[in-house]
Structures are given as structure tokens and as C-alpha cells.
Amino acid sequence: MAKYPRALHVALQISIRVFGEIIFLPMLRSPWWWIDLDVARKLPFARDRAVELFFWILGVYYEPQYCLAIKILSKVIALISILDDLYDASNASIEELVLFNDAIQRWEVNAPDQLPDFMKHFYQKILDTYNVFEAETAKQGRLYRVEYAKSALKDMARAYLAEAKWYHDGYVPTMEEYMPVGQASSGVRSLVTVSFVGMGELATKSAFDWIRSDPLISQATEVIGRLMDDVAGHEARLMTSFISI
């Protein structure tokens, strides 16, 4: 077990005790993909949230039949968290962020040469991770689901880039301009889409088409999530400023 980060290993052990061995032992026995991301060394701007996000996903499902779904959604939410930090905290230029976004939108086989090494590293890990998803779903005859998962990640990248451009330009958008982008960057629709990928026969193609149609329940959840996150972020920044005085 030494190859697993201690905090993640403890989290999985707690989960086994609470929910049972059937679902979590495969995760302990297989190489933990998070280590290969090498966040601390190659992506030092990113928050290391593997344990936190793992427990988030247990709030979505924990039943043994959704073992694959848990693994897929845990990985994607971790990638999205790093993607968020890449656009917010990596000190990348706006030109580099545009190039990175363009690569994701086209799902290029290789990262553009103009990108810095840390972006190339992260981009390759995204491709590698989704290639594994394709292999897993192809076994079940459900390869189409990964295309929906890719679209979900592309949506997040576009929203993060729009926000980065506003920040770079010093532009404060109106609420009418902000909310559509803010709702997309909340991740609700993207994560719900991905949550269906590993759910076996329960999630039909119509379920994917339904969430991609942006139903009212999704829109309402996005608004609530976006505004709650913005309020919490604002309060945290005020507290940080107060402490630093």
C-alpha cells in the first residue's frame, strides 16, 4: 500500500469500513491514477483535493454496482478542479490559455508545442484518462457515453476561459453576461453528465440527451450552486485580507 498517498489510503480504508469491501478494494488494488498526475511537482498551483473530492462522490453513489461510475466521476471531478486552478492560478498567459482551450475543443491527439510543459503534462493526462474511460465503456458496448463526457469537459474549459478573459481584460461583466458563463462553470450539468457514464443499464442515451438539453432543474441547481460558491469565495477573500492586515 506504500505507493498510495497516506491521506488517500486512509480515506479508502475508512470508506471500506463504512460501505464495505466490495466496492473499494478494486480501487486499492489498482494503481491510483492521481499519483501519476504528480500535482505537487508538475502542477504546484493546483489544490490537492483527491481525498476531499473522493468523499464528494460518495455523496452521489456508494453502491457496489456503481464502482465504475465512482471511479470515473472521481477522476473527472479531480481533473476539473485542476482545470479550474489552471485558468485561475497557474500564471499562464491568456494566449496560452486560449491555445489550451483550443486543443481541448478539438480534442487534439497531442498538445500544441507552444504550450508550457506543465500544460502539456496536464493535457496528456486528460487524454490518457479519457482513453481509459473509452476502453472500459467499449467493453459494455457503451462507447458513445465518453463523447458526452468529453463534451462536458469542453463546456467547463470554455466557461473557465471566458472568466479568465474577463479577469485579464479587467472587465466586470453584468449579471446578464455573467450568469450563463457562471452557471456553466459551476459544473453542475457537466458533472451530472459524467455521473451517468458508468451507471450501466440504468442510464440510457435519453438520459444523456436530457441533461445536455439543459432542463429547468439543472438550470436552477446551477444558479444556486454558482451564487453559493461566489458568496463563499467572497467571504474567504475578505477573511484572508483581514488576516493579512
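Student: Is Asp230 buried or partly exposed in this one?

Tutor: Asp230 is partly exposed, with a relative accessible area of 25%. Bear in mind that this is a predicted model.

Student: OK. Which residue forms a salt bridge with Asp230?

Tutor: That would be Arg226, and the closest N and O atoms of the two are 3.2 Å apart. Arg226 is buried, at 7% relative accessible area.

Student: Where do Arg226 and Asp230 lie?

Tutor: Both are in helix H13, which covers residues 216-244. They sit four residues apart, about one turn of the helix. An α-helix has 3.6 residues a turn, so residues three or four places apart point the same way.

Student: Switching to pockets: how much space lies in the largest pocket?

Tutor: About 1,600 Å³. It has 41 lining residues, and the closest to its centre are Asp84, Ser185, Arg226, Asp229 and Asp230. You'll recognise Arg226 and Asp230 from the salt bridge we just went through.

Student: Which helix gives the most to that lining?

Tutor: H13, with nine residues. Helices that each supply at least two lining residues include H5 (50-58), H6 (67-89) and H10 (175-185). H9 and H11 are on that list too.

Student: How do the lining residues divide into nonpolar, polar and charged?

Tutor: The lining of the largest pocket has 23 nonpolar residues, eight polar and ten charged.

Student: You mentioned H11. How many of its residues are buried?

Tutor: Six of the eight, so helix H11 (residues 188-195) is mostly covered. The buried ones are Val188, Arg189, Ser190, Thr193, Val194 and Ser195.

Student: Back to charges. How many salt bridges does the count come to?

Tutor: The count comes to 14 salt bridges. Some are linked up: Arg47, Asp84 and Asp85 form a network of them. Asp84 is also one of the residues closest to the centre of the largest pocket.

Student: What about Asp155, which salt bridge does it make with Arg158?

Tutor: Their side chains meet at 2.3 Å, N to O. Both residues lie in helix H9 (residues 144-169), three residues apart, about one turn of the helix. Asp155 counts as buried at 13% relative accessibility, while Arg158 counts as partly exposed at 40%.

Student: And how far apart, N to O, are Arg212 and Asp155?

Tutor: 2.6 Å, and that pair is a salt bridge as well. Arg212 is in helix H12 (residues 205-212) and Asp155 in helix H9, so this pair ties together parts that are 57 residues apart in sequence. Arg212 counts as partly exposed, at 25% relative accessibility.

Student: Last one, Lys154. Which helix does Lys154 lie in?

Tutor: Helix H9. Lys154 is buried yet has no salt bridge.

Student: Why has Lys154 no salt bridge?

Tutor: The nearest side chain of opposite charge is Glu147, 5.9 Å away, and a salt bridge has to be within 4 Å, so Lys154 doesn't make the cut. Side chains of opposite charge can pair when their charged atoms come close.

Student: So what is Lys154 in contact with, leaving aside its neighbours within four places in sequence?

Tutor: Lys154 is in contact with Ile104, Gln105 and Trp107, once those neighbours are left aside.

Note on methods: Residues are numbered from 1 along each chain as its sequence is written. This is a predicted model: local features need pLDDT of at least 70, side-chain atom pairs count only at pLDDT 80 or more; totals for chains, interfaces and linings use all residues. Side-chain values use heavy atoms; hydrogens and water are left out. Buried means under 20% relative accessible area, exposed over 50%, partly exposed in between (1.4 Å probe, protein chains only). Lys and Arg count as positive and Asp and Glu as negative; His and the chain ends are not counted. Contact means heavy atoms within 4.5 Å. On a 1 Å grid over the protein atoms alone, a cavity is a set of points where a 1.4 Å probe fits but cannot get out, and a pocket is an open set with protein on both sides within 12 Å along at least five of seven lines; lining residues have an atom within 4 Å of a point. Grid points are joined across faces, edges and corners, and a volume is the space filled by probe spheres set on the points. Ala, Val, Leu, Ile, Met, Phe, Trp, Tyr, Cys and Pro count as nonpolar, Asp, Glu, Lys and Arg as charged, and the others, Gly among them, as polar.
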